Amino acid sequence: SALHFRSKLYRRNEAAALSDVLPILSDMGLRTLEEWGFAIRPQGDTPIHVDEFLLEDPRGESLNFEDVSGVFEEAFVAVWNRRTESDGFNRLVLELGVSWRKAALIRTLARYRQQTGLDPSQAVQEAALRDYPQAARAILDLFHARFDPAFTGDREAAQTEIKARIEALLQGVASLDHDRALRRIADLVSAIQRTNYYQTGPDGAPKPHISIKIACREIEDL
């Protein structure tokens, strides 16, 4: 069954245009069932417009919104402020309960694969990651084991275990296109030599771009 929840958007001075809001929600796999708008006028201050949305997540049967509400809000604000893009990769924020930046990392990997001209379309990539979230999580785990400075333990052993887990998960993927999309993104992670993903700027915040250096010769189909 679907998950239903309410969300409120507060904006000073002017109300947010629904044509700007609804595509962001739709890209995250959410349907907007109802919307109510009203203004609050604090004494001596500019009005604050409030938009309340009744949302449906058709795939949300196993989700607890309290567990993902924080990353959902952060992802919406990041798109609104143009810190990240709005597309189907942002579904991973809800599907996995991960930050918008981890979804942006997956987007980076998928976009590189797209540039090769050898892979299924972005829509197929998004569907594969959405329909097989455990594989998407394992790909993120592999990246973490390879590059996260905070990782503790045996990196090589961890990567071997995660690759075996990915291979086992791919055995359950029915579509050849979905298998190809997931397998090639996972293989790409193994061919990355270094990245700025974990670096922060002087303000302590992550850098506004994601860079990866790839050993193309290690990717079989290239």
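Colleague: Is Arg-91 buried or exposed?
Modeller: This is a predicted model, in which local features need pLDDT of at least 70, side-chain atom pairs count only at pLDDT 80 or more, and totals for chains, interfaces and linings use all residues. Residues are numbered from 1 along each chain as its sequence is written, and side-chain values use heavy atoms, with hydrogens and water left out. Buried means under 20% relative accessible area, exposed over 50%, and partly exposed in between (1.4 Å probe, protein chains only). Arg-91 has a relative accessible area of 3%, so Arg-91 is buried.

Colleague: Which residue in strand β3 forms a salt bridge with Arg-91?
Modeller: A salt bridge is a side-chain nitrogen of Lys or Arg within 4 Å of a carboxyl oxygen of Asp or Glu. The closest N and O atoms of the pair are 3.0 Å apart. Arg-91 lies in helix α3 and the partner in strand β3 (residues 48-57), 34 residues apart; helices (H or I, at least four residues) and strands (E, at least two) are DSSP runs, numbered from the N terminus. The partner, buried at 2%, is Asp-57.

Colleague: Why are Arg-91 and Glu-95 separated by about one helical turn?
Modeller: Their side chains meet in a salt bridge at 2.8 Å, N to O. Glu-95 is buried, at 16% relative accessibility. The separation is about one helical turn because the two are four residues apart in helix α3.

Colleague: Where is Val-98, and what is its relative accessible area?
Modeller: Val-98 sits in the loop between α3 (91-96) and α4 (100-115). Val-98 is buried, with a relative accessible area of 8%.
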